Amino acid sequence: DEALALLPPFYRVVTRLESDELIPHENSYYIPREHLGDFLAEIALAGGIEQVWHIEPCESPPPESRARSE
């Protein structure tokens, strides 16, 4: 519990999508810390063209993300 209290409540996961059919672009996902592992596994297992670009801590996601902690 102490270790969890030191972590940020959310993470911003930025992915990059590149293909011959689509214009390269980035997507941002705001993920509650307790779901980060599941989210990353889902992206890895999907095996698509969307790749994790970077992950950064986020104290409070923007309202338009509609992200919430459960």
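## Exercises on a nonpolar core and its aromatic neighbours

The largest nonpolar core comprises six residues, namely Tyr 11, Val 13, Ile 31, Leu 36, Phe 39 and Ile 43, where such a core is a set of buried Ala, Val, Leu, Ile, Met, Phe, Trp, Tyr and Cys residues joined through side-chain atoms within 4.5 Å. This is a predicted model, in which local features need pLDDT of at least 70 and side-chain atom pairs count only at pLDDT 80 or more, whereas totals for chains, interfaces and linings use all residues. Residues are numbered from 1 along each chain as its sequence is written, and side-chain values use heavy atoms, with hydrogens and water left out.

**Exercise 1.** Determine which elements give two or more residues to this core.

*Solution.* The elements are strand E1 (10-17) and H2, helices (H or I, at least four residues) and strands (E, at least two) being DSSP runs numbered from the N terminus. H2 gives the most, with three residues.

**Exercise 2.** Characterise the one aromatic pair of the structure.

*Solution.* Begin with the geometry: Tyr 29 and Phe 39 are 5.2 Å apart centre to centre with 50° between the planes, which is tilted (centres within 6.5 Å; under 30 degrees stacked, over 60 edge-to-face, the rest tilted). Next, place the partners: Tyr 29 lies in strand E2 (residues 25-32) and Phe 39 in helix H2 (residues 36-46), ten residues apart. Finally, compare accessibility: Tyr 29 is partly exposed at 27% relative accessible area, whereas Phe 39, at 15%, counts as buried (buried is under 20%, exposed over 50%, partly exposed in between, with a 1.4 Å probe and protein chains only).

Methods
Phe/Tyr/Trp six-rings, centres within 6.5 Å; stacked < 30°, edge-to-face > 60°.
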